[in-house]
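Hi,

Here is the structure I promised to pass on. Have a look at it first, and then read on for what I found.

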Amino acid sequence: MSFYIEVTSPFGRAYIVEQNEHITHVLFGREELEILKEKDSGLKLMETALLQDAKRQLEEYFRGERRAFKLPMHQEGTAFQQKVWEALLSIPYGESRSYLDIACAIGNPKAVRAIGQANKKNALPILIPCHRVIGKNNTLTGYAGNETDKKAVLLEIENIPYKGK
């Protein structure tokens, strides 16, 4: 069974999804939720203890009161994507890295574009902080597709400087 809960974010409605006692998705907007419901017909609105805890932690983060998340998380992905997502978890709150930095961290300095694609596939944005990865010249590049406005909000919550701020 899969369950979800709604949370208010600085950029509107977001949804947190739980499956098998792990957080599996953070979704921005109703459209993303509907797409997931098409794939998982058993997805139901329910406030489980885990989802309530995840919602509380996200709300604390949005208020600038939380720097790290303590939640059981799981997402499907290739070995390469898992390696990238693990590297993202090592970026401290309030700091950023370039795509090249992440590529080097996983031992594949030529994989800069692939890092961007792995970030795009991250089903746990914010919790796995792909927003902390910016262009090597401190510019905003891609987030959840092309939603750099969301990335900007998250960087501002953490006081991470970037060009255009």
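When I say below that residues touch or are in contact, I mean heavy atoms within 4.5 Å. Keep in mind too that this is a predicted model.

Let me start with the overall layout. The protein is divided into two parts, with domain 1 covering 2-63 and domain 2 covering 79-158. Their centres, taken over C-alpha atoms, are 21 Å apart. On the contact side, 10 residues of domain 1 meet 14 residues of domain 2.

Next, the sheet. Four strands make up an open sheet with mixed pairing, in the order E3-E2-E1-E4. E3 and E4 are the edge strands, and each has a single partner, so one side of each has no neighbour in the sheet. From one strand to the next, the twist averages 35 degrees.

E1 (residues 2-9) is a good strand to follow through this sheet. Six of its eight residues are buried, so the strand is mostly covered. With E2 (residues 12-19) it runs antiparallel, joined by eight bridges, and the two form a hairpin with two residues between them. If you want to check the register, threonine 8 has arginine 13 of E2 as its bridge partner, while serine 2 stands opposite glutamine 19 in E2. E1 also pairs with E4 (residues 43-45), this time in the parallel sense and over three bridges. Serine 2 turns up again there, standing opposite leucine 43 in E4.

Helix H2 lies across E1, E2 and E3, and it runs at about 20 degrees to E1. What does alanine 54, a residue of H2, touch, leaving aside residues up to four places away in sequence? Its contacts are Ile16, Ile23 and Leu71. Alanine 54 has a relative accessible area of 1%, so it is buried. For a sense of distance, the C-alpha atom of alanine 54 is 28 Å from that of alanine 105, which is 51 residues away along the chain.

Just ahead of that helix, have a look at threonine 48, in the loop between E4 and H2. Is threonine 48 buried or exposed? Its relative accessibility is 15%, and the cut-off for buried is under 20%, so threonine 48 counts as buried. With residues up to four places away in sequence not counted, threonine 48 touches Phe3 and Glu18.

Now for the helices H3 and H5. The axes of H3 (residues 79-89) and H5 (residues 112-120) come within 9 Å and cross at roughly 85 degrees. Angles of 65 to 115 degrees count as roughly perpendicular, so that is the label for H3 relative to H5. H3 brings Phe80, Gln81, Val84, Trp85 and Leu88 to the contact, and H5 brings Ala114, Ile115, Ala118 and Asn119. Sorted by type, the residues of this contact are seven nonpolar and two polar, with no charged ones.

H6 (residues 148-157) deserves a look as well. Its buried residues are Lys150, Lys151, Ala152, Leu154, Leu155 and Ile157, so you will find two lysines in that list. Which elements cover the buried residues of H6? Among them are E3 (22-28), H2 (49-62), H4 (99-105) and E6 (133-134).

Finally, a few backbone angles to check. Asparagine 159 follows H6 and has a positive phi, near 55 degrees. Asparagine 20 is not a glycine, yet its phi is positive too, at about 50 degrees. You will find asparagine 20 in the loop between E2 and E3, and with a relative accessible area of 60% it is exposed. Isoleucine 126 is another non-glycine residue with a positive phi, near 80 degrees. Isoleucine 126 is in the loop between H5 and E6, and at 2% relative accessibility it counts as buried.

Best wishes

Conventions
Residues are numbered from 1 along each chain as its sequence is written. This is a predicted model: local features need pLDDT of at least 70, side-chain atom pairs count only at pLDDT 80 or more; totals for chains, interfaces and linings use all residues. Side-chain values use heavy atoms; hydrogens and water are left out. Axes are lines fitted to C-alpha atoms, for helices over the stretch in contact, and angles run from 0 to 180 degrees between N-to-C directions. Angles under 35 degrees count as roughly parallel, over 145 as roughly antiparallel, 65 to 115 as roughly perpendicular and the rest as oblique. Ala, Val, Leu, Ile, Met, Phe, Trp, Tyr, Cys and Pro count as nonpolar, Asp, Glu, Lys and Arg as charged, and the others, Gly among them, as polar. Buried means under 20% relative accessible area, exposed over 50%, partly exposed in between (1.4 Å probe, protein chains only). Two strands pair if DSSP finds at least two bridges between them. Domain bounds come from an automatic or database domain assignment.
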